[in-house]
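I opened my notebook to work through one protein model, a bit at a time. Here is the sequence with its structure, so I can look things up as I go.

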Amino acid sequence: MKMITGGAFQGKTSYAVHNFGILAENIKDGEKCGFDEVFGAKCIVNYHLLVKRLIDNGVEPMEFTEQLCSENSDTVVIINEIGCGIVPIEKSERIWREQVGRCGCIIAGKSQEVVRVIGGIGVVIKGGI
């Protein structure tokens, strides 16, 4: 498993395509794909939005993430950093933010490589060459 993280619109997906040989047809979008689709995906983008959908549908995100890590250990997971900045006023937004962070920790812990992308440049923070 590999994890790519960073802020919004920093080139994370392009980094995955160019550095891990991901083809467009092998990318599942966490914002709109079926929950079961991620278990066979080569790459999952917008995992933070998948977490939001899981919460909204009554699915426990950390359990789902643990299952994903055990069943699809070859995937590349792309997740936005959403924990910086002002703490949201809305309780649901705070819960989502916390769950994204916890799920990110699970993925990072199970990943052989973790990369933070800033301005299209990847900085390996775990594993790598």
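My entries follow, starting with some ground rules.

**Ground rules.** This is a predicted model, where local features need pLDDT of at least 70 and side-chain atom pairs count only at pLDDT 80 or more, while totals for chains, interfaces and linings use all residues. Residues are numbered from 1 along each chain as its sequence is written, and side-chain values use heavy atoms, with hydrogens and water left out.

**The sheet.** I looked up the strands (DSSP runs of E, at least two residues, numbered from the N terminus, as are helices, which are H or I runs of at least four). Six of them form an open sheet in the order 2-3-4-1-5-6, with mixed pairing. Two strands pair if DSSP finds at least two bridges between them. Which strands sit at the edges? They are strand 2 (27-29) and strand 6 (121-126), each pairing on one side only. From one strand to the next, the twist averages 25 degrees. I then checked strand 1 (residues 2-6), which runs parallel to strand 4 and is joined to it by five bridges. In that pair, K2 stands opposite V76 of strand 4.

**Helix 3.** Which residues of helix 3 (residues 61-71) are buried? I found P61, F64, T65, L68 and C69 (buried is under 20% relative accessible area, exposed over 50%, partly exposed in between, with a 1.4 Å probe and protein chains only). They lie on the same side of helix 3 because they cover an arc of only 135 degrees around the axis, taken from the directions from the helix axis to the C-beta atoms. An α-helix has 3.6 residues a turn, so residues three or four places apart point the same way. E63 and S70 are exposed on the other side. The buried residues pack against strand 3 (43-45), helix 2 (47-56), strand 4 (76-80) and helix 4 (91-110); contact here means heavy atoms within 4.5 Å.

**The core.** Next I looked up the largest nonpolar core (a set of buried Ala, Val, Leu, Ile, Met, Phe, Trp, Tyr and Cys residues joined through side-chain atoms within 4.5 Å). Of its 22 residues, V38, I44, Y47, F64, L68, V77 and I107 touch the most other members. Helix 2, helix 3, strand 4 and helix 4 each give two or more residues, and helix 4 gives the most, with five. Apart from this core lies another, of ten residues, including A16, I22, V76 and V117.

**One residue.** What does V77 touch? Leaving out residues up to four places away in sequence, V77 touches M1, K2, M3, I4, I44, Y47, L68 and I107.

Notes: Axes are lines fitted to C-alpha atoms, for helices over the stretch in contact, and angles run from 0 to 180 degrees between N-to-C directions.
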